[in-house]
Amino acid sequence: MIYVQDLKKEYRDEGSTLALRGVTFSIEKGEFVSIMGPSGSGKSTLLHILSFLDRPTGGAYTFRGKSSDEMSDRELARVRNKDMGFVFQSFNLLSRLDVYDNVEIPLLYSDIPPARREALVIEAVRSVGLEEKLHSEAGKLSGGQKQRVAIARALVTDPDVIFADEPTGNLDSQSGLQVMEILASLNEKGRTVILVTHETQTAEFAQRIIRIKDGVMESDKAIAVHRIGRGHLK
Amino acid sequence: MLFRDAFKTATRSLSHGKLRSILTMLGIVIGISSVIVLMSIGQSAQELILGQVQSIGSNLVIVIPGAPPRDRGFSPPASAQGIVITSLGERDVDALSREPSILAAAPLVSGQAEAVYGDNNKTVSYQGITALMFAVRNFTVGKGLAFTKGDVDSANHVAVIGPDLAAALFGPYVDPINKIIRLKDISFRVVGVLAKGGTGAFGVDQGTIALIPMTVAQKQFLGVSYFSTIFVKGDPAYDIDFVKSRMTSVLRQDHGITDPNKDDFTIRTQADVLSILGNITSILTLFLAAIASISLVVGGIGIMNIMLVAVTERTREIGLRKAVGATDGDILQQFLIESVLLTFAGGVTGIAAGAAIVGLIYFTLTTFFPSIGWVFAFPLRAVVLGLGVSGLAGIIFGIYPARQAGKKNPIDALRYE
């Protein structure tokens with residue numbers, strides 16, 4: 001589903017910085033992949049390119065057989081809306097809106113008719129166990145609840161891939177574990193999950209870990225999966 | 001994104017900062033209400049002036065010396081330009097009086113003089129007229145009497161004065177009738193005071209005039225034998241244009257003019273004057289509206305400023321919306337709807353405030369100054385203009401911030417602290 005070959009990204013703001021220096025890998029549908037690396041390694045840049053939030057400056061990226069080079073900004077936005085879901089470290093909820101309205105946001109930019117939206121929002125919120133908070137103001141929720149709302153928002157358009165950028169970074173260990181278990185269960189139901197993290201314990205929820213350092217892929221290894229009962233997140 | 005959703009999102013954003021939205025709107029409210037009030041006052045003044053001039057009667061025509069202007073526009077009469085033209089005389093008045101389509105013709109000379117009574121004085125416009133002029137110009141003498149043909153023939157020093165002049169010279173407690181005033185150091189006995197009526201024929205204010213016998217004005221004030229104007233009252237049975245054409249023929253014959261391009265007189269009807277006055281007041285109204293619209297521009301800049309602040313404050317929101325599928329156009333649309341909603345709501349409020357102020361002005365003037373005869377005018381075009389301009393201001397002043405929002409890079413926007 002995702003194919004990356006010799007991917008490069010150069011920033012030319014003040015001088016030239018090569019964030020990615022030729023990365024090659026592929027991800028199949030239904031995989032749970034962690035991208036690990038220290039700060040400044042290029043892992044977030046890679047996630048941004050994979051999720052169509054940014055474009056590479058070299059190499060090729062193909063999503064479902066279509067190169068990002070061939071797609072206009074409008075087409076990229078459409079793919080992000082329809083096929084991709086996003087979970088951010090800082091949740092990015094609109095705190096003045098309630099849970100319902102936050103989860104509904106991606107639907108506003110989709111082709112889904114207004115009459116069908118309510119059911120989809122309720123279903124997504126229920127899937128993260130927050131149906132009793134449906135009309136609570138997002139700003140008044142706990143960190144763990146906020147991230148679960150963000151996951152519901154990522155799920156509401158029923159995307160194939162979920163990109164999670166340090167999803168446990170702002171959470172306590174208990175909430176982090178809950179969030180990772182939700183992501184793992186989504187993967188078990190067939191969704192592809194691509195996770196960026198610098199925490200080994202979080203990364204080990206995946207079936208495969210790609211390690212990046214200084215813009216170069218260090219390793220790409222499959223790991224044994226034993227998620228149930230894991231309570232060892234920091 | 002459906003327009004309905006964009007509208008809902010925009011209204012929700014605005015309602016979350018109610019006080020800020022109201023304060024932002026205030027500039028537009030003041031701008032639109034100023035335009036409404038000034039346009040309304042302009043139209044009221046126009047209707048008042050034209051109404052008063054029309055009340056004199058549409059069959060009044062004047063003849064002034066000098067050639068008519070070559071273009072169709074208005075130019076000041078030769079006398080006002082300091083040119084003395086002596087082409088109108090007694091013979092013309094007689095000839096016009098004999099014309100069957102004319103009921104009466106009355107000449108006039110005029111000038112400025114200082115009117116003095118006791119310690120009070122006021123610079124006035126005096127008019128030397130014949131007794132017939134009272135009928136020709138529908139002068140109503142409110143107190144006392146008009147002077148007579150005998151007074152004119154005998155060059156008696158009598159005067160009929162305007163009500164404002166009477167008030168200025170005599171105050172509220174002294175009866176002006178039979179009092180002696182001085183004009184150009186010549187004593188005149190006040191025999192009558194004109195009724196309050198505001199503007200007289202051809203837009204001349206009759207409140208401060210002093211009417212004196214023609215013979216006195218010509219011989220003792222000016223030392224001339226010609227007239228500066230002849231007022232003619234046409235027979236209502238005839239069309240006014242026919243009367244005008246007959247007058248032209250009579251005067252050309254009288255003056256021995258064969259080439260129409262060499263006329264040494266100008267004939268103006270009330271319609272001509274109404275048209276000129278209408279043009280002047282319209283220009284004045286537009287001028288007032290243009291001044292008021294400056295506040296609209298200031299209000300618009302306020303909207304732009306606040307929208308730019310809102311775009312910066314909501315950078316992360318923009319980043320999120322773009323990440324989950326919003327296009328540049330979706331974001332632009334949302335912010336543009338917000339700015340148009342702000343200005344449009346400001347416009348509607350401004351129209352309501354303007355209407356209230358116009359109503360208050362009308363109430364005040366008709367209650368406390370009924371003699372002005374103020375008329376209520378609330379021009380619908382001002383309402384349409386107000387709504388149109390406010391909507392347009394939202395687009396003009398909102399497009400830049402909205403474009404800034406739409407162009408934001410989602411990654412930078414999501415990282416914004």
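Colleague: What makes β6(A) and β7(A) a pair?
Modeller: This is a predicted model, and in it 4 bridges join β6 (residues 84–87) to β7 (residues 161–165) of chain A. Pairing asks for at least two bridges, so 4 bridges pass the test. The two strands run parallel, and A:Val87 stands opposite A:Ala164 in β7(A).

Colleague: Which way do the residues of β6(A) point?
Modeller: A:Met84 and A:Phe86 point one way, while A:Gly85 and A:Val87 point the other way. That fits a general pattern: in a regular strand the side chains alternate between the two faces of the sheet. In β6(A), all of these residues are buried, whichever way they point.

Colleague: OK, what about the sheet with β1(A) and β2(A) in it? Why is β2(A) called an edge strand?
Modeller: That open sheet has 4 strands in the order β2-β1-β4-β5 (chain A), with antiparallel pairing. β2 and β5 (66–67) of chain A each pair on one side only, and they are the edge strands. As for the partner of β2(A), 8 bridges join it to β1 (residues 2–11) of chain A. At least two would do for a pair, so this one counts. One example is A:Val4, whose bridge partner in β2(A) is A:Phe25.

Colleague: A:Gly22 sits in β2(A) too. Why is A:Gly22 called partly exposed?
Modeller: A:Gly22 has 14 other C-beta atoms within 10 Å. Buried starts at 20 or more and exposed stops at 12 or fewer, so 14 lands in between and A:Gly22 is partly exposed.

Colleague: And what does A:Gly22 touch, beyond its neighbours within four places in sequence?
Modeller: Its contacts there are A:Asp6, A:Leu7, A:Lys8 and A:Gly59. A:Val128, on the other hand, is 106 residues away in sequence and 37 Å away in space, C-alpha to C-alpha.

Colleague: Let's zoom out to chain A. How many helices and strands does chain A have, and what makes chain A compact?
Modeller: Chain A has 7 helices and 10 strands. Its radius of gyration is 17 Å and the globule rule gives 17 Å for 234 residues, so chain A is as compact as a globular protein of that length. Along its principal axes, the C-alpha trace spans about 45 × 40 × 35 Å, and 47% of the residues count as buried.

Colleague: How do you know that α3(A) is mostly covered?
Modeller: Count the residues: 8 of the 10 in α3 (residues 99–108) of chain A are buried. Among them are A:Val99, A:Asn102 and A:Leu108. The cover comes from both chains, including α2 (73–83) of chain A and α1 (3–15) of chain B.

Colleague: How many residues meet where the two chains touch?
Modeller: There, 18 residues of chain A are in contact with 16 residues of chain B. On chain A's side, α2(A) gives the most, with 5 residues. By type, the side of chain A that touches chain B divides into 9 nonpolar, 4 polar and 5 charged residues.

Colleague: Last one: what span is expected for α12(B), and where does α12(B) bend?
Modeller: α12 (residues 380–406) of chain B has 27 residues, for which 39 Å is expected at 1.5 Å a residue. From first C-alpha to last, α12(B) reaches 37 Å, close to that value. The bend is at B:Gly398, by about 45°, and B:Pro401 follows within four residues. Both B:Gly398 and B:Pro401 are buried.

Methods: Residues numbered from 1 in each chain as written. Chains lettered and ligands numbered in written order. Predicted model: local features only at pLDDT ≥ 70, side-chain atom pairs only at ≥ 80, totals over all residues. Contact = placed C-beta atoms within 7 Å. Expected span 1.5 Å × (residues − 1). Bend = angle between axes of the 7 residues up to and from the residue. Nonpolar A, V, L, I, M, F, W, Y, C, P; charged D, E, K, R; others polar. Rg over C-alpha atoms; globule rule 2.2 N^0.38 Å.
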